[in-house]
Amino acid sequence: MNKNVKFTLLFSLMLVFFGTLNKAQTHLKKGDMIDGIAVVVGDEIILESDIEEQANFAKQQGANVADKCEFVESIINNKLLIYEAKRDTLIENRSAAIKEQANQKYTQILGQFPDEKTMLSTYKFRTAFEMKNAIEKIDADNYYGQMKFGRITDKADVTPNEVTDFFTTFQYQLPEVKDEVSLSQIVMYPKLTNAHKDEIIARLNKIKQDILAGESFESQARIYSDDPGSAAKGGLYTNIAKGKMVKPFEAAALNLQEGEISDPVESDFGYHLIQLVKKSGKQYDARHILLKAEPDAEEIQSAKKELDSIRTLIIDGKMSFKDAAFRFSDDKQTKFNAGIITGQDGSDKIEKLNLPPTISYQIAGHNKGDITDVFQDTAQQDRKTVAIIKIDDVIAAHKLDITTDYNRIKQMALNKKKNEMVEKWVKEKLPSVFISINDRYKDCTFKTDWRKTVTK
């Protein structure tokens, strides 16, 4: 069960982008079953084709699904979490937001293809409706599964003695850690000159005048907006919850009357022209036209020069890297943490193989304590940056040990406890949830006796 719970939460992120829900296009061989209900959990249905497609996709990702019974049980576990999450009144129903998010993701993916037909063919969907439904289902299952897992395990914790016991029990089964590094960074966004800012604002003001003169906001957004998530929809975002958008955008939008258009608004993404479409309770609809504030070569060179002078102060001992990161770094995730870069697991030790290519290239040949030269990089939303990296530590490949890897081992012990809590919760829930499993799985020996509820 421990492996099942762990696998199913990751699994909702892997739910078949390459054919899910597209039953009509499945190429059948003689004797193949067209489709059928494999499992019912409460009012959640798992189709046989869902299992096959998820298994195929998992194999492509390198997962071992040789034991189909174990694989099916992992899906049942996840469906039970989803079913109970939807009934939990303390878990927010985000159907409207998830639907809107699916539309945005669809538009973002579309921006990577020359046309919609090519995209649908690549992902093996017949229509945009089918693909949007698939994205929405993936996001919904992921949201509800994670929220219920979190609700069940929110009070989980481990003591130092439990960490030690975990290590003593499983030390010979723990994986070997590959070569790692600990890194800190200072990242700066090149600043636009006043003349460059004025040029962008003037362009937006011209667009606004054209709209006021009779052009539609929607058509102008399709032509000029740099926002891949909304440009194809005429700049429209619907059912925006308060707090979802960046503060300058939201403040400007909520100060407008319905139909009114703002003056140019600056945010971290660039400059916006905003039109409030509708306001209803705690949600609102708005259109916007975004012009990204892309620095030119001269502005990038100026930022490099400024950061190089900061690097010199650090090397000369006139300022610590920590203080420099706090004072000058524009990266909000690291500037308040001495510039320390953390991995996906929250650890400051990152496997070299998992480093972004640019960083991996920049630190090559450097030793512990070195600081790279200033280099150009790209951050989220394709923003151009300049940066320096400090190599805080270099850790050779080794077997996990409690003296050097305590925090990582503690997280493993905590994950084990969380999985055990979910296993206990599942057993307690079984008597009150209807579960039906097709007879084609009657020979499966599941770790949890799901069939008890069928008999009852």
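**A walk from helix 8 through the sheets**

Just after helix 8, Gly214 takes a positive phi of about 135°. This residue is a convenient place to begin reading the model, which is a predicted one, and the helix that comes before Gly214 can be described in some detail. Helix 8 runs over residues 194-212, and its 19 residues reach 27 Å from the first C-alpha to the last, a span close to the 27 Å expected at 1.5 Å a residue.

Which residues of helix 8 are buried? They are His196, Ile200, Leu204, Ile207, Lys208 and Ile211, and because they cover an arc of only 120° around the axis, they lie on the same side of helix 8. On the other side of the helix, Asn194, Ala195, Asp198 and Leu212 are exposed. The buried residues find their packing partners in two helices and two strands, namely helix 9 (217-224) and helix 11 (297-315) together with strand 7 (270-280) and strand 8 (283-291).

Helix 7 (residues 160-170) can be read in a similar way, with Val163, Phe166 and Phe167 as its buried residues. Seen down the axis, these buried residues fall within an arc of 95°, and therefore they line one face of helix 7. Asn161 and Thr169, by contrast, are exposed on the other side of helix 7, while the elements that cover its buried residues include helix 14 (406-429).

Before moving to the strands, the overall setting deserves a few words. The protein has 15 helices and 13 strands, and 42% of its 456 residues count as buried. Among contacts between residues at least 6 apart in sequence, 68% join residues at least 24 apart. The accessible surface comes to about 25,200 Å², and 50% of that surface belongs to carbon and sulfur atoms.

One of the sheets is an open one of 4 strands, arranged in the order 9-4-11-10 with antiparallel pairing. Its edge strands are strand 9 (350-351) and strand 10 (375-378), each of which pairs on one side only. Strand 10 is joined to strand 11 (residues 384-395) over 4 bridges in the antiparallel sense, and within this pairing Phe375 has Ala387 of strand 11 as its bridge partner.

Strand 4 (residues 180-188) of this sheet contains Gln185. Is Gln185 buried or exposed? With a relative accessible area of 12%, which is under the 20% cut-off, Gln185 counts as buried. The side chain of Gln185 makes a polar contact of 3.3 Å with the side chain of Asp331, and another, of 3.5 Å, with the side chain of Thr334. Leaving aside neighbours within four places in sequence, the residues in contact with Gln185 are Phe321, Ala325, Asp331, Thr334, Gly339, Ile341, Ile388 and Ile389.

Ala325, one of the residues that Gln185 contacts, has its place in helix 12 (residues 321-328). Ala325 is buried, with a relative accessible area of 0%. Residues up to four places away in sequence not being counted, Ala325 touches Gln185 and Ile186 as well as Lys335, Ala338 and Gly339. A further link between distant parts of the chain can be read from the backbone: the C-alpha atoms of Ala325 and Met188 are separated by 9.7 Å, although these two residues are 137 residues apart along the chain.

The last stop is strand 1 (residues 37-41), which is mostly covered, with 4 of its 5 residues buried. Strand 1 pairs with strand 2 (residues 44-47) in the antiparallel sense over 4 bridges, and the two strands form a hairpin with 2 residues between them, where Gly42 in the turn has a positive phi of about 60°. Strand 1 is also joined by 3 bridges to strand 13 (residues 435-437), again with the two strands running antiparallel. Where do the bridges of Val40 lead? In strand 2 its bridge partner is Ile45, whereas in strand 13 the bridge partner of Val40 is Ser436.

Definitions and conventions. Residues numbered from 1 in each chain as written. Predicted model: local features only at pLDDT ≥ 70, side-chain atom pairs only at ≥ 80, totals over all residues. Heavy atoms only, no water. Expected span 1.5 Å × (residues − 1). Buried < 20%, exposed > 50% of the residue type's maximum accessible area, 1.4 Å probe, protein only. Arc of directions from axis to C-beta. Contact = heavy atoms within 4.5 Å. Polar contact = N/O pair within 3.5 Å; in protein donor to acceptor, adjacent residues only side chain to side chain. Pairing = 2+ DSSP bridges. Areas by Shrake-Rupley, 256 points an atom, 1.4 Å probe, with all protein chains shown as cover.
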